[in-house]
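Ready to practise reading a structure? Take a look at the model below, and then work through the exercises at your own pace.

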Number of protein chains: 2
Amino acid sequence: MQGGLECMSEELKRSLDLSSKQVDDFIAKLFSEAGQRDQDLWKASMHLLSAGGKRLRPFLVLTSCELVGGNPGKAIPLAAAIELVHNFTLVHDDIMDQDHLRRGVPTVHKLYGTPMAILAGDTLFAKAYEAALVAAEDVSPKRLLRSVEIITKTTIEICQGQALDMQFEQRSKVSEREYMEMIAKKTAALMVAASEIGAVVGGGTPREINRLRRAMMASGLAFQMVDDVLGLSADERRLGKPIGSDLREGKRTLITIHGLGRAGTMEKDLIFRALGNRDATFEEIREAVTLLTSLGAVDYVSAKAAAYNEKAKGELRKFPASPPRERLLDLLDYVVARDR
Amino acid sequence: MQGGLECMSEELKRSLDLSSKQVDDFIAKLFSEAGQRDQDLWKASMHLLSAGGKRLRPFLVLTSCELVGGNPGKAIPLAAAIELVHNFTLVHDDIMDQDHLRRGVPTVHKLYGTPMAILAGDTLFAKAYEAALVAAEDVSPKRLLRSVEIITKTTIEICQGQALDMQFEQRSKVSEREYMEMIAKKTAALMVAASEIGAVVGGGTPREINRLRRAMMASGLAFQMVDDVLGLSADERRLGKPIGSDLREGKRTLITIHGLGRAGTMEKDLIFRALGNRDATFEEIREAVTLLTSLGAVDYVSAKAAAYNEKAKGELRKFPASPPRERLLDLLDYVVARDR
């Protein structure tokens, strides 16, 4: 694990380290059968995974499995599948958004070129199913097919969310409701899927599964809002990517949506000098950030993220107290308190 | 169905029409639940499918199922899954190869831009699994999981094949053996998978499945060799894409590999004026094609394709005579006799 975990309990840190290691070992094995010739494809596919990442989603799979009384060891292949889907979407998103840096290293298409990065993403997506199918050793066909169905449905939602995100860049006005729909699909859906698959594999009841779904939808929305705030205000080196890149790319975050709603004509001008302007100077980005902050947009989004976090915790607290429940509650707090 | 089917028996034509219609209807339903907002993504995803295509692979699924005594109606979702995988790889390949035309229409990235085309390919790939999972209504979990495994393993092979194909463009020398490995993965693997899945769903024995695998591997290799020949010599409008684009893109086909092996220094020069030169004139392309033909490379590849076709038919003839066997034999002959 890299830094940024100061605001995490010792127990959560230990548990996250363990699930990361289990899933990373599993994925490494999945890529160990590589032939000699396709090394570039393998290296490009593993690049982002090797660069770190918090592995929050595998943790959600394993801990949700444990929460409903299942054996998390049986869910490792599915935890790996979810992490592979996550990385596949990141590799392709970085091409689409022309991002050059992620997790502190150059993006796959910057290092290997766009064709190889497209192919690496496709490989990661296929490997996600390969990972999932390994679970057949320990998981009933019915639960496994249900898990594969969740992965599939969720990936389609993520694609829809990314399509909305790109469309928003071309529009002059985006509503808060539209933004929430977009991040529900683009970000929260995979966190919901992670928890749901863990609970399905662990034999959770429909009531337990729905409770987890509601909790992780709320937490996933909070996660994206905090991401948007960090994208404007975090320490660049800790964040692993340039500050303000959302602005440059014209991404509609709740911060810009709320800020634009409160801005006067001249203030709007100032925001649009940065928003969607890939050639914006550092100074123009800083001015837009300062303005959005003074318009109360950052506070508004942070408060909203905190409210969603409370909602998520409320749902989780409906489960009887247990070590996995406490770890999940800790994770939810980390999601809104993290600095990268 | 479009033209190009003159060299097909009436029985095969009817059967191919029927399986195309069944699979197209199934896919249309799969895309009918679209929300309002993501229309661009849906249109981009359906673009290539709507432009036609021969639907050979779904036919292989359904007819292989019937050949081993199964009910092909139960295999329709998996036939659709294979066609969706095929289209996903075409959409992404066209981006990587910078192709502008396919099936007589502009490629997805030309019409919708590269980001939306990446996303459309991803959506088609996910939809392939969505399609496959519909089979759960009629197919046992064990057979369905095996089919999903075949789809997954095959897609990884296709990615490896495409990676090899791209690497070859950068190399001065590629051997015939390397070319055969590349097309086995890039092209033949999906035709093998189509037949295998049909046989798995139809309850074929391991011996029957292996026989079909051998037949379709040979036929798939022949298919790609004929494709390479057509890419140099077909009627451009019937083919639906520009003649010589393989040469311009620097693709190593068996024609160029064999031709370069027989060419003298000055002849090599002439070939390399076209090969890998995206700015090659029409005249330079024509001269290279004429030279490769006079070096016997086109005849060599055509003869090799015919030999693989005979091998494939020999494997198929080990099945007892039956209407599906005759249709498959007709299809194999069509693969090497087609003009587009």
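Three short exercises follow, each with a worked solution.

This is a predicted model, in which local features need pLDDT of at least 70 and side-chain atom pairs count only at pLDDT 80 or more, while totals for chains, interfaces and linings use all residues. Residues are numbered from 1 along each chain as its sequence is written, and chains are lettered from A and ligands numbered from 1 in the order in which they are written.

**Exercise 1.** Find how many residues of chain A are in contact with chain B, and which helix supplies the largest share.

Solution. Start with the count: 35 residues of chain A are in contact with 35 residues of chain B (contact: C-beta atoms, placed from the backbone, within 7 Å). Next, look at the helices (DSSP runs of H or I, at least four residues, numbered from the N terminus). Helix 7 of chain A gives the largest share of the side that touches chain B, 16 residues.

**Exercise 2.** Work out how the two copies are related.

Solution. First superpose them by least squares on the C-alpha atoms of residues with pLDDT of at least 70 in both. A turn of 180 degrees and a shift of 0.0 Å along the axis lay chain A on chain B with an RMSD of 0.0 Å. The two copies are therefore related as by a two-fold rotation axis.

**Exercise 3.** Decide whether Ile27(B) is buried or exposed.

Solution. Locate Ile27(B) in helix 1 (residues 10-30) of chain B. Then apply the cut-offs: buried means 20 or more other C-beta atoms within 10 Å, exposed 12 or fewer, and partly exposed in between, with C-beta atoms placed from the backbone. Ile27(B) is buried because 26 other C-beta atoms lie within 10 Å.

Methods:
Contact = placed C-beta atoms within 7 Å. Helix = DSSP H or I, 4+ residues; strand = E, 2+ residues; numbered from the N terminus.
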